[in-house]
Amino acid sequence: EKARLPYARSLALYSSLGRLKEVAICLNNFGALAEEENNPEEAITYHRRSLAIWRELRSESWMAVSYMHIGICMQLLHRTDSARFYLEHSTTLLEGMEGAEYMFSLALRHLGENNRQAGRGAAALGHAHVEVGEGMVAAAVSHRVLRRRVGQHACAGRGKDLRAAFVLHRQ
């Protein structure tokens, strides 16, 4: 509750001044707070309001952030199709964006988890983050590459161990 007060004051001030960028950032911060408080419905409301402003301002990087947060919250609510929609929009905007590699990797991780939870094994392999050696590696590989390197079995969603599939892919 203490953290909300400064955001509320900032939001009121920036709204009165017509400072859309700052309003959107405040809304994003409110959404992040709601996520931390395990309130995904409230978070979605704030992130959607923020997204509307980022669209108006044509800020693709911030739009991608909002899409990703909405997708993560949808996933928490077990709305896997809606989550996938938002996460795919996020990755589409972030892919190849200079300086957005971390956010792209994070969006891919959540998209891979979404696909896994929804039973889309081949897609999960294509977006999965798997632990290999010293850290996390984004294994954003196409299904064609996986079919060639790992084999049809893993791409059909029957491969249970993503780490093994990635190791095979790396060989």
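I took buried to mean under 20% relative accessible area, exposed over 50% and partly exposed in between, with a 1.4 Å probe and protein chains only; on that basis 43% of the 171 residues of the protein count as buried. The model is predicted, so I noted that local features need pLDDT of at least 70 and side-chain atom pairs pLDDT 80 or more, while totals for chains, interfaces and linings use all residues. Residues are numbered from 1 along each chain as its sequence is written, and side-chain values use heavy atoms, with hydrogens and water left out.

I then looked up helix α3, with helices read as DSSP runs (H or I, at least four residues) and strands likewise (E, at least two), numbered from the N terminus. The protein has ten helices and two strands. Helix α3 covers residues 40–57, and its 18 residues should span 26 Å at 1.5 Å a residue (taken times one less than the number of residues), which agrees with end C-alpha atoms 25 Å apart. Among its buried residues I listed Tyr46, His47 and Trp54, and the buried residues of α3 pack against α1 (4–17), α2 (20–36) and α4 (60–76).

Next I checked aromatic pairs, where rings of Phe, Tyr and Trp (its six-membered ring) have centres within 6.5 Å, and planes under 30 degrees apart count as stacked, over 60 as edge-to-face and the rest as tilted. The count by this rule is five. Trp54 and Trp62 are stacked, at 4.8 Å centre to centre and 15° between the planes; Trp54 is buried at 2% relative accessibility, whereas Trp62 is partly exposed at 28%.

Definitions and conventions. Contact means heavy atoms within 4.5 Å.
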